[in-house]
Amino acid sequence: MTTSPMFHPVARVLHWLMAVMVLAMLFIGAGMVSTLSEKHTWLLAIHKPLGMTVFVLALVRLAFRLTHRAPPLPADLPLWQRFAAHASHWLLYGLMIAMPLIGWGMLSAGGYPVSLGEGVRLPSILPADPVLFAWLRGAHRYLAWLFFLTFLAHMGAALMHGLIRQDGVLRSMTIRRRR
Ligand code: HEM
């Protein structure tokens, strides 16, 4: 068994905060498109500001990640798992940034107001265009599925490290226990 150093406390707080926010966004999004009741309006009013908060935090987190070294993976980790870990982490960063941008672009292309609450309205980032709207609407849906599957794979890998390999990888993102 090896012990890994910990992620920086800022990285750990952002990680768990954003894990909850992203999971909530995926379920709010799925709930929103499966109802025609007034709950749709209510869920969309949460979805937009929460999604834009994910976007801002993802940029902060990416900047932090690029300027702070992550703890190394265990030396005995097979090459394919090492590759899968890095690839899925960067995919998650990409999706945390792309999903809100696509949501914002989709509403702009549809000619809808991108309001985040009382008196807060974002500018349009794309010209009104029904074809572009339809394309972005599909991209938002299929990338949401990719996001959910990557999220599940990430959780599965974390549990494998924590419960089976017990190699300190999961602990490096949780709370340091006193010996
Ligand atoms: C992490 C960020 C985000 C995630 C994970 C996410 C997730 C989702 C999901 C799962 C859906 C349902 C897709 C479907 O089955 O068709 C959805 C729909 C939608 N999202 Fe997002 N979203 C995010 C950010 C945003 C942002 C920032 C906006 C706008 C500013 C936005 C606007 C919308 C709209 C307008 C819909 C369609 C609502 C409808 O057709 O009734 N999303 N989103």
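Is Ile28 buried, exposed or partly exposed, and how many other C-beta atoms lie within 10 Å? In this predicted model, Ile28 belongs to helix α1. The count around Ile28 is 17 other C-beta atoms within 10 Å, so the residue is partly exposed, given that 20 or more are required for a buried residue and 12 or fewer for an exposed one. Leaving aside residues up to four places away in sequence, Ile28 touches Leu43, Ile46 and His47. The C-alpha atoms of Ile28 and Ile46 lie 8.2 Å apart, with the two positions 18 residues apart in sequence terms.

The protein contains four helices and two strands, arranged from the N terminus in the order α-α-α-β-β-α. The C-alpha trace spans about 55 × 30 × 30 Å along its principal axes. Of the 179 residues, 16% are buried. Among contacts between residues at least 6 apart in sequence, 71% join residues at least 24 apart. An unreviewed UniProt entry carries the annotation "domain: Cytochrome b561 bacterial/Ni-hydrogenase" for residues 7–174. Over that range the chain is 72% helix and 4% strand, and the C-alpha atoms at its two ends are separated by 8 Å.

Helix α1 has 25 residues, which at 1.5 Å a residue should span 36 Å; the distance between its end C-alpha atoms is 36 Å, and the two values therefore agree. Val22, Met25 and Gly29 are buried in α1. The buried residues of this helix pack against α2, α3 and α4. An α-helix has 3.6 residues a turn, so residues three or four places apart point the same way.

The end C-alpha atoms of α2 are 42 Å apart, in agreement with the 42 Å expected for its 29 residues at 1.5 Å a residue. In α2 the buried residues are Leu43, Lys48, Gly51, Val54, Ala58 and Arg61; a lysine and an arginine are thus included in this set. Packing partners of the buried α2 residues are α1, α3 and β1 (114–117).

Helix α3, with 31 residues, reaches 43 Å from its first C-alpha to its last, close to the expected 45 Å at 1.5 Å a residue. Its buried residues are Leu95, Met96, Met99, Pro100, Ile102, Gly103, Trp104, Gly105, Met106, Leu107, Ser108 and Ala109. These residues are covered by elements including α1, α2, β1, β2 (120–122) and α4. Just after α3, Gly111 adopts a positive phi of about 80 degrees.

The largest nonpolar core comprises 14 residues, of which Val54, Met96, Met99 and Met106 touch the most other members. At least two residues of this core come from each of α1, α2, α3 and α4, and α3 supplies the largest share, eight residues. Excluding residues up to four places away in sequence, Met96 touches Met18, Val22, Val54 and Ala58. Of these contacts of Met96, Val22 is among the buried residues of α1, and Val54 and Ala58 are among those of α2.

The ligand is surrounded by 24 residues, the closest being Gly29, Gly51, Pro100, Gly103 and Ala144. Elements giving two or more residues to this shell are α1 (9–33), α2 (39–67), α3 (79–109) and α4 (130–165). The greatest contribution, seven residues, is made by α1. By class, the shell consists of 16 nonpolar, six polar and two charged residues. Several of the closest residues are also buried, including Gly29 in α1, Gly51 in α2, and Pro100 and Gly103 in α3.

Two residues in the segment that follows α4 were examined individually. Gln166 is located in this segment and has a phi near 45 degrees, a positive value in a residue other than glycine. Most residues other than glycine have a negative phi. With 13 other C-beta atoms within 10 Å, Gln166 is partly exposed. Arg171 likewise lies in the segment after α4. Because 17 other C-beta atoms are found within 10 Å, Arg171 is partly exposed. The C-alpha atoms of Arg171 and Met6 are separated by 7.4 Å, although the two residues are 165 residues apart along the chain.

Notes. Residues numbered from 1 in each chain as written. Predicted model: local features only at pLDDT ≥ 70, side-chain atom pairs only at ≥ 80, totals over all residues. Near = placed C-beta within 6 Å. Nonpolar A, V, L, I, M, F, W, Y, C, P; charged D, E, K, R; others polar. Contact = placed C-beta atoms within 7 Å. Expected span 1.5 Å × (residues − 1). UniProt positions renumbered as here; feature names shortened; annotations may be inferred. Core = buried A, V, L, I, M, F, W, Y, C linked by C-beta atoms within 7 Å.
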